[in-house]
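Work through the following exercises with the sequence and the model at hand. Each task is followed by its solution.

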Amino acid sequence: MLARPLAVLALGGSLFAQTGSATPRPLPELLPASTHVLLQFGGLAACTAGAHELPLAALLRDVLGRLPDDARRERLEGPLDGAARGARRALQRLGLDAADLRAVLQRPAAVAVGRPTLEGMGPSVCLAIDLGDAEAALRRCLAAGRTVLRQHGVTPGEPLRLAGTEFESLQLPGGPPLWLGIAGGVFVASNSRGYLHELGAVVAGGAPSLAAALAAGAAAMPAVAPLGSLFVDGQPLVAACAPLLPYEAQALADALGFGAPRSLHAVVAPGADALRVAVGGRASGLAKVLLAAPAPLDFARACSPNTVVFGAGSIDLAGALDAWQALAAVLPAAVRAEAGREAARAMARLVRRAGATPAGAAALVRALAPQVAFALSLERGAVPRPELLLRLSVRDADVVAAALQRLEAAAGGDGVEWRSRQAGGHTIRFCNLRLGGDGPQVAPSYLLRPDGLWLAADPGTLVRALRRTDDGEPGLAAEADFAAATGLAGGASGMLHLRWSRAAELGWRAVETWGYPQLDAQRDQLGFGREVLPDADEVAAAVGAETICYRIDDDGLTLRHHGALALGSMLAALGVLADEMLARAATGR
């Protein structure tokens, strides 16, 4: 049984077709288009398979394999066996066998929500499970469930016969009926007679299925087998409300950048998540324009190969000002005038606190382009040295230069001396500051170029960035993981790239220096020491990189996440733990 506990922490035909059809259809192809919400789960078997494919799995298997037998039994086997015994006792009280429950939970399942039903006393709800070879197990679970339900007053109801399949009926005391049936290897349970009739029409080819609506959002989803997904269809509600909305509703939605929520698609898979929210309103509207401009990924050419955090996005303040004017034009005259006065007062207060004038602040806002990017690197040394680099794109360098001169003059009044450093024909301005009186000294620096305002914590960081942009020295853009990230984030409005592998390569020595002796000091209590831990290369290969990106457009928001911390990876790990606990409960350990 050694391989099983190692895996635990390694993260790892149609519904009404004739019985015996070769391959069941995907569950969404069986459900009617009237479904408003669909939640899918790939099953515990998919979780186990997905977890074993994660890069962290091999590392954790190796680490756990190095544990002494006594430590493994005490700290891994023991807790798992205890949880399994508790689960087995709880299931036995319900008359359930852990092996049967595990077999059912390993199969793909879906919960669908459809139109309201009076008979069902609420929205139509349907559970569908693709049983595969778990049909006998589910029948035994149903038999145990009937016994428990009878003890709570549930009585048999009128069966429903549909397309050659008889659905058993259970009447909940004071509640809705529940119909249960198995056909073509799929188990179906629903509180809605009408939903089941629609489902039968879909299978017979006389009505559209939900699959077409799901396909509309498939382009934004990761090209991997999902462990879970969520679909919400807002179109019926939007269509019902449209005749009741003001005539100016569409113009208002475009000006706001936020219109009717049409649908939501979310998918989680091992190492990859995606979310697509289809929302009306132009990308130039107020709610979208701040973040909609393309991310300046070219900034990576200036960043150090030792960058561990890279971020790029946009904050279009000038676009927001224009969008506000467009929004105000849609409002009634009295509301527009009052909103304008309140906005002017708020802006005046903000500008006064900054020591500027309204005209000067507005000019500076329009002089800055929306793109912003930053990078945090850990440069090599006995202790890795952090370096921060930031670039703000500019439209009018003269206006920004005048603002910087005013900033220098204001800081000079406090005794701060600004100096210049020449680098490759560029002038870097900096000053020396000591933090907290006796704290470390820093040298905030800036460089104004036609492509933007560059900021750093010291002039050396800017000098090295210039060598990469002007002299062709290799930077972050040449790294393989960043090239993969840009492929994922092409056309994105924003991206955050976390390079765990490079952080491990540069920082694991500190763990070895400080953490290993602490672990060795606890050897007697733990039963192991530093020999079980991986080295820097093993950790770097396992943790990889994390990429989160988003895109905002006229049709809504797309969010994508690739990496070890994806929600799908967490779901896979939880699925493996649940599967292992049920497996142990089934064997009586």
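**Exercise 1.** State where Leu230 is found and how far it is exposed.

Solution. Leu230 belongs to strand 9, residues 228–233; strands (E, at least two residues) and helices (H or I, at least four) are DSSP runs numbered from the N terminus. Its relative accessible area is 32%. Buried means under 20%, exposed over 50% and partly exposed in between (1.4 Å probe, protein chains only), so Leu230 is partly exposed.

The model is predicted: local features need pLDDT of at least 70 and side-chain atom pairs pLDDT 80 or more, while totals for chains, interfaces and linings use all residues. Residues are numbered from 1 along each chain as its sequence is written, and side-chain values use heavy atoms, without hydrogens and water.

**Exercise 2.** Which residues touch the most other members of the largest nonpolar core?

Solution. A nonpolar core joins buried Ala, Val, Leu, Ile, Met, Phe, Trp, Tyr and Cys residues through side-chain atoms within 4.5 Å. The largest has 28 residues, and Phe299, Phe310, Leu389, Ile428, Trp454, Leu462 and Met495 touch the most other members. Helix 16 gives the largest share, four residues.

**Exercise 3.** Classify the ring pair of Phe299 and Trp454.

Solution. Rings of Phe, Tyr and Trp (its six-membered ring) pair if their centres lie within 6.5 Å; planes under 30 degrees apart are stacked, over 60 edge-to-face, the rest tilted. Here the centres are 5.7 Å apart and the planes at 45°, so the pair is tilted. Phe299 lies in the loop between helix 11 and strand 12, and Trp454 in strand 20, so the pair ties together parts 155 residues apart in sequence. Both residues are buried.
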